[in-house]
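Here's a quick briefing to read alongside the model. Have the sequence and the 3D view open, and follow along topic by topic.

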Amino acid sequence: MNAEEKSHIEKIQSQLQLLLEKENEEVIAKADGKTNYKRPTWDEYFMAMMEAISLRSTCDRGRSGCVIVKDKQVLATGYVGSSVGDDHCDDVGHLFQKRYNPDGTSSDHCIRTVHAEQNAICQAAKRGVPVEGGTLYCRMTPCPVCAKMIINCGIVRVVAQRRYHDARESERVFKKAGVKLEHVSEELQQYPKN
């Protein structure tokens, strides 16, 4: 482990410690020994796990994570990263492709990496883990390709932290397939400028 990695880990540990200290300050023990501590909901728990998984992402244009769960048990995880053996954006830069949006504008889209949702589904398939009937937790509304993969593997619920700027097609196919899509926040996911 190099000094930069060690510093990054220490920073994350420090942030977690601050969260725990804040949580502990708010916990008040009662005379009977019980506390007012409130455990996170299952959705909050799995979204926090998605956040931790996103730290492994290798492209700063979409540091996303994904967790697939069924019956409150984790089945598979994934994060944004290059295919096995390929270069990472963080190491060699982005591989941009111009994308034409439905409103007539264009944007640069990094195509070097595989989306977190795709990687999680691939990991489940690679390990022979069925995800049918599961819930998928992710950073933003899945793109149309991810949405179709989610539908075809039988996932029935998607919980996204934020909205994706071009989510109309994903929302349409989810609705038509009966996949429940929920957003924790109505905020749009922002991307760094090129």
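Let's start just after helix α6, where Gly178 takes a positive phi of about 80°. Keep in mind that this is a predicted model, so to speak of local features pLDDT has to be at least 70, side-chain atom pairs count only at pLDDT 80 or more, and totals for chains, interfaces and linings use all residues. Residues are numbered from 1 along each chain as its sequence is written, and side-chain values use heavy atoms, with hydrogens and water left out. Helices (H or I, at least four residues) and strands (E, at least two) are DSSP runs, numbered from the N terminus.

**Helix α6 and its two sides**

- Ser170, Val173 and Phe174 are the buried residues of α6, where buried means under 20% relative accessible area, exposed over 50% and partly exposed in between (1.4 Å probe, protein chains only).
- Those buried residues cover an arc of only 100° around the axis, which puts them on the same side of α6; the arc is that of the directions from the helix axis to the C-beta atoms.
- Turned away from that buried side is a face of α6 carrying the exposed residues Arg168, Lys175 and Lys176.
- The cover over the buried residues of α6 includes α5, β8 and β9, with contact meaning heavy atoms within 4.5 Å.

**Strand β7 and its neighbours**

- Strand β7 (residues 135–140) has 6 of its 6 residues buried, so it is largely enclosed by the rest of the structure.
- On one pairing, β7 runs antiparallel to strand β1 (residues 65–70), with 4 bridges joining them; two strands pair if DSSP finds at least two bridges between them.
- Within that pairing, Ile68 has Leu136 in β7 as its bridge partner.
- β7 also runs parallel to strand β8 (residues 157–162), and here 5 bridges do the joining.
- Across that parallel pairing, Met140 stands opposite Arg162 in β8.
- Add helix α5 (residues 144–152), and β7, α5 and β8 make a right-handed β-α-β unit. Right-handed here means that, with the strands pointing away from the viewer, the path from the first strand over the helix to the second runs clockwise.

**Aromatic pairs around helix α2**

- The whole structure has 4 aromatic pairs, counted when rings of Phe, Tyr and Trp (its six-membered ring) have centres within 6.5 Å; planes under 30 degrees apart are stacked, over 60 edge-to-face and the rest tilted.
- Trp42 and Tyr45 have ring centres 5.7 Å apart and planes at 85°, so the pair is edge-to-face.
- Trp42 and Tyr45 sit 3 residues apart in helix α2, so about one helical turn separates them.
- Both are partly exposed: Trp42 has a relative accessible area of 41%, and Tyr45 has 39%.
- Phe46 and Tyr137 make a tilted pair, because their ring centres are 5.4 Å apart and their planes are at 40°.
- That pair links distant parts of the chain, with Phe46 in helix α2 and Tyr137 in strand β7, 91 residues apart.
- Phe46 and Tyr137 are both buried.
- Put together, ring pairs link Trp42, Tyr45, Phe46 and Tyr137 into a cluster.

**Salt bridges**

- The count comes to 10 salt bridges, each being a side-chain nitrogen of Lys or Arg within 4 Å of a carboxyl oxygen of Asp or Glu.
- Glu51 and Arg139 form one of them, with the closest N and O atoms 2.4 Å apart.
- This is another link between distant parts of the chain: Glu51 is in helix α2 (residues 42–54) and Arg139 in strand β7, 88 residues apart.
- Glu51 counts as partly exposed at 30% relative accessibility, whereas Arg139 counts as buried at 9%.
- Lys98 and Asp108 also form a salt bridge, their closest N and O atoms being 3.7 Å apart.
- Lys98 lies in strand β4 (residues 96–100) and Asp108 in strand β5 (residues 106–110), so this pair ties together parts 10 residues apart in sequence.
- Arg163 and Glu186 meet through their side chains in a salt bridge (2.6 Å, N to O).
- Arg163 lies in the loop between β8 and α6 (168–177) and Glu186 in the segment after β9 (180–183), so the pair ties together parts 23 residues apart in sequence.
- Salt bridges that share partners also join Asp43, Arg157, Lys180 and Glu182 into one network.
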